[in-house]
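User: I am new to this structure and would like a close look at a single part of it, with enough of the surroundings to see where that part belongs. Please take me through it slowly.

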Amino acid sequence: MSRTNQVDVLSHVGPGTKVGELFRSVWLPALLSAQLPKPGCAPVRLKLLGEELLAFRSGNGQVGIVQANCAHRLAPLFYGRVEEQGIRCAYHGWLYDKSGQCLDMQNESDKAVCTKVKIKSYTAAEQADVIWVYMGQDAPPELPKFPWMGLPKSQRNATVWIQESNWLQGMEGELDSSHVSILHTNPATMATSPVHQHYSASDLSPKLYAKNTAIGVLAIARRNAERQFYWRVSQFMVPAFSSIPSADFPIGGRAFIPIDDHNTYTWDFNYYDKGDLPEAFLDYVGKGLAFPPESTYQPFKLNTGAIIDTYVPVRTAQNNYLINREGQSLSSPTGIHGLNDQDRAMQEGMLALEGSSGRIVDRGKEFLVNADIGIVRARRRILDIVQDDASLAKFKQTIKDGTAYAARPLDVVSEHGELDAFLTQHDGQLTPKREAA
């Protein structure tokens, strides 16, 4: 692929960009319901796809996601008062509802002026303790039918934090199966064993495959398992969702939602079909060993100047991810504490393009090998979808009823060593069934 495709198309997500339009065609997780815990609570500053936004829960309980600044003098609405019908700017008292419509102006006697003022707003929906946003201009599709969306709260969880890099670095890490056996595995403790069978630690050179699906790409790793084969199949779902298999722990997955070209909201979703989330899993997660990293909820000033309210990892590039070079961590020989801390240390520190504030990888200097087949396939898949209006329209039709996102990953030992035979055997477990019209 050309340097122009990799950088100018894939990395940029602002208004008017091809990949930005792709992200605006799907429902995106915007914030946790817990960030707006009750009617009338403090609003939350967001930035999504390069746009500064504000989320609030009005006194009547409705969620609004609107532009961050008042139409009048462009003062920040964050410092305003949340009222029964919406949010009122603190500067001159202009009140906006969830649709962005101005309802009142305390410094203007002609109330008819209100009808002429409307700030940008986006459609919001709330499900599974997540507030979703649709940033497209046309009618939204149905909410994605991820397998965890309808489960009881005790069987799922969702978390979010900031990653200080372009979204693509994080997403591509989900498709890189070979790094798991190297970066994340401490042979002395096998801390990853509830997620991976022990073959991941014994076979460091898996045979890797990639196969297109209706919604994205299957990233497939085959390892030797005595006289059989250990298969792990991850689902990449366009534009930036993943579903990752697990040997015993709950199934996980991420979403890499661009804040702007330089920063990313990383989401982690877990679900357990067998019952409540296991205590061992909750303990593992609570120690910051997996996802999310140990974080604090706080205002955070982006390198681009905007302030957002989000979960900020304790271990960052500024403190060298608190690496302990004297000994191994519980989850890696690196001495870096948790799986995501390890990932971010690699992804936030990649050689960057000049002028990108160290945030966008200079992919023209990569030396890709066979192990990168999933990454290459996903890049091509996205480029094919955003190629023109017709290809994007076809994708929108694919996701219209939300069923395509019901894809599941797979972790299994099989007697089949050939890809086609293996996929034929397990097709029903990997491909979601379409809903009847």
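Analyst: A word on the whole chain comes before the close look. Among the contacts in the chain with a separation of 6 or more, 60% are between residues 24 or more positions apart. This is a predicted model, and its chain has 10 helices and 20 strands. The radius of gyration is 22 Å, close to the 22 Å that the globule rule gives for 437 residues, so the chain is as compact as a globular protein of that length. Along its principal axes the C-alpha trace spans about 80 × 55 × 45 Å, and 58% of the 437 residues count as buried. The accessible surface comes to about 18800 Å², with 50% of it belonging to carbon and sulfur atoms.

The part to look at closely is helix α6, which covers residues 279-286. Its buried residues are F281, Y284 and V285. Seen down the axis of α6, these buried residues fall within an arc of 95 degrees, so they line one face of the helix. A general point about helices helps here: an α-helix has 3.6 residues a turn, so residues three or four places apart point the same way. On the other side of α6, E279 and G286 are exposed.

What do the buried residues of α6 pack against? They pack against β11 (156-163), β17 (264-271) and α7 (339-347). After the helix comes G288, whose phi is positive, near 75 degrees.

One of these partners, helix α7, contains Q347. At 7% relative accessibility, Q347 counts as buried, because the cut-off for that word is under 20%. Leaving aside residues up to four places away in sequence, Q347 touches Q163, S165, Q169, G170 and G173.

The surroundings can also be followed through the aromatic rings, of which the chain has 18 pairs. In one of them, the rings of F146 and Y405 have their centres 5.4 Å apart and their planes at 55 degrees, so the pair is tilted. This pair links distant parts of the chain, since F146 is in the loop between β10 (130-134) and β11, while Y405 is in the loop between α9 (389-398) and β20 (410-414), 259 residues apart. F146 counts as buried at 8% relative accessibility, and Y405 counts as buried at 3%.

A second pair is arranged in another way: the rings of Y209 and W231 have their centres 5.9 Å apart and their planes at 25 degrees, so this pair is stacked. Y209 lies in strand β12 (residues 207-212) and W231 in strand β14 (residues 228-237), so the pair ties together parts that are 22 residues apart in sequence. Both Y209 and W231 are buried.

F146 and Y405 also belong to one aromatic cluster, which they form together with W132, W148, F241, W267 and F269. Rings elsewhere in the chain have a charged partner: R45 lies over the face of F78, at 3.7 Å from the ring centre, and the charged end of R254 sits over the ring of F291, 4.0 Å from its centre.

To return to the helix itself, α6 has F281, Y284 and V285 as its buried residues, with E279 and G286 exposed on the other side, and the buried residues pack against two strands, β11 and β17, and the helix α7.

Conventions:
Residues are numbered from 1 along each chain as its sequence is written. This is a predicted model: local features need pLDDT of at least 70, side-chain atom pairs count only at pLDDT 80 or more; totals for chains, interfaces and linings use all residues. Side-chain values use heavy atoms; hydrogens and water are left out. Buried means under 20% relative accessible area, exposed over 50%, partly exposed in between (1.4 Å probe, protein chains only). Helices (H or I, at least four residues) and strands (E, at least two) are DSSP runs, numbered from the N terminus. The arc is that of the directions from the helix axis to the C-beta atoms. Contact means heavy atoms within 4.5 Å. Rings of Phe, Tyr and Trp (its six-membered ring) pair if their centres lie within 6.5 Å; planes under 30 degrees apart count as stacked, over 60 as edge-to-face and the rest as tilted. A charge sits over a ring if NZ of Lys or CZ of Arg is within 6 Å of the ring centre and within 35 degrees of the ring normal. The radius of gyration is taken over C-alpha atoms; the globule rule is 2.2 Å times the number of residues to the power 0.38. Accessible areas come from the Shrake-Rupley method with a 1.4 Å probe; for residues, only the protein chains shown count as cover.
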